[in-house]
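User: I'd like to learn how to read a fold from its strands and helices. Could you walk me through one?

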Amino acid sequence: MAATGQEAAGQRVTVTVTVNGRTYTREVEPRTLLVHFLREELGLTGTHVGCDTSNCGACTVHLNGQAVKSCTVLAVQADGAEVVTIEGLARDGRLHPVQEGFWEQHGLQCGFCTPGMIMAAAHLLEVNPNPTEEEIRRGLEGVLCRCTGYQNIVRAVQYAARRLQEQRSAAAD
């Protein structure tokens, strides 16, 4: 006998996800979005819910090394995966160079899009460590900022690219 919609909604499945280096196992409804899992189950509220339609990108996280909009991924799809959120970018109490760049270059206004913008920028710099201004703009086009003209955001990413290059050079010496 098939489950009714109400019965199916009450079903729960076990998911195990490594988030910011820590493994979590939780029971969730199969329809739970990754963004809600992160915010409501794990209390990681840095990932913002902006539009619920995948247009704004405020919910961008890294899933197995790829930048994804977490409002488009079910928590069950992330079972066994590694997720990095804005809370996991800083290391040993030091801001990630992209976070530092947003601070130093005034790359934020209200701050609502900032976590998604930073996560998208960090991924961009992982795949393209020395992007042009056009490549930065193209790499961030999936995240909308309603407060800025993007120029300071581009400067923040350029700053971060330089800082990451300095870190790589220092490590090579």
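Analyst: Let's go through the overall layout, then the sheet, then the helices. Keep in mind that this is a predicted model.

User: Fine. How many helices and strands does the protein have, and in what order do the elements run?

Analyst: There are six helices and five strands. Starting at the N terminus, the order reads α-β-β-α-β-β-β-α-α-α-α. The C-alpha trace spans about 65 × 35 × 25 Å along its principal axes. Of the 173 residues, 41% count as buried. As for contacts between residues at least 6 apart in sequence, 55% of them join residues at least 24 apart.

User: On to the sheet. How do I read the strand order, and which strands stand at the edges?

Analyst: The general idea is that strands of a sheet pair through backbone hydrogen bonds, either parallel or antiparallel. Here the five strands form an open sheet in the order 2-1-5-3-4, and the pairing is mixed. Strand 2 and strand 4 are the edge strands; each has a single partner strand, so one side of each lacks a neighbour in the sheet. On average, neighbouring strands are turned by 40° against each other, ignoring direction.

User: Which pairs run antiparallel, and how many bridges join strand 1 to strand 2?

Analyst: Strand 1 (13–19) and strand 2 (22–28) run antiparallel and are joined by seven bridges. One register point to check is Thr 14, whose bridge partner in strand 2 is Glu 27. These two strands form a hairpin with two residues between them, and Asn 20 in the turn has a positive phi of about 55°.

Strand 3 (residues 60–63) and strand 4 (residues 66–69) also run antiparallel, with four bridges between them. Thr 60 has Lys 69 of strand 4 as its bridge partner. This pair is a hairpin too, with two residues between the strands, and Asn 64 in the turn takes a positive phi of about 50°.

User: Where does strand 5 come in, and what stands opposite Val 83?

Analyst: Strand 5 (82–84) pairs with strand 1 through two bridges, and that pair runs parallel. Strand 5 is also joined to strand 3 by two bridges, this time antiparallel. Val 83 is a handy landmark: Val 19 stands opposite Val 83, and so does Leu 63.

User: Now the helices. Which residues of helix 2 are buried, and why do they line one face?

Analyst: An α-helix has 3.6 residues a turn, so residues three or four places apart point the same way. In helix 2 (residues 34–41), the buried residues are Leu 34, Val 35, Phe 37 and Leu 38. Viewed down the helix axis, the buried residues fall within an arc of 165°, so they line one face of helix 2. Their cover includes strand 1, strand 2, strand 3 and strand 5. Just past the end of helix 2, Gly 43 has a positive phi of about 75°.

User: And helix 4: how do I describe its crossing with helix 6?

Analyst: Two packed helices are described by the angle between their axes and the distance between the axes. The axes of helix 4 (residues 114–127) and helix 6 (residues 151–172) come within 11 Å, crossing at roughly 45°. That angle makes helix 4 oblique to helix 6. The contact is made by Met 117, Ala 121, Leu 124 and Leu 125 from helix 4, with Ile 153, Val 157, Ala 160, Ala 161 and Leu 164 from helix 6. The crossing is right-handed.

User: How does helix 3 cross helix 6?

Analyst: Helix 3 (residues 97–104) and helix 6 have axes that come within 8 Å and cross at roughly 135°. This makes helix 3 oblique to helix 6. Their crossing is right-handed. Among the contact residues are Phe 102 of helix 3 and Tyr 159 of helix 6.

User: One last check: is His 123 buried or exposed, and what is it in contact with?

Analyst: His 123 sits in helix 4. The relative accessible area of His 123 is 12%, so this residue counts as buried. Setting aside neighbours within four places in sequence, His 123 is in contact with His 62, Gly 65, Gln 66 and Ala 67.

How values were computed. Residues are numbered from 1 along each chain as its sequence is written. This is a predicted model: local features need pLDDT of at least 70, side-chain atom pairs count only at pLDDT 80 or more; totals for chains, interfaces and linings use all residues. Side-chain values use heavy atoms; hydrogens and water are left out. Two strands pair if DSSP finds at least two bridges between them. Buried means under 20% relative accessible area, exposed over 50%, partly exposed in between (1.4 Å probe, protein chains only). The arc is that of the directions from the helix axis to the C-beta atoms. Contact means heavy atoms within 4.5 Å. Axes are lines fitted to C-alpha atoms, for helices over the stretch in contact, and angles run from 0 to 180 degrees between N-to-C directions. Angles under 35 degrees count as roughly parallel, over 145 as roughly antiparallel, 65 to 115 as roughly perpendicular and the rest as oblique. A crossing is left-handed if the near helix is turned anticlockwise from the far one by less than a right angle, and right-handed if clockwise.
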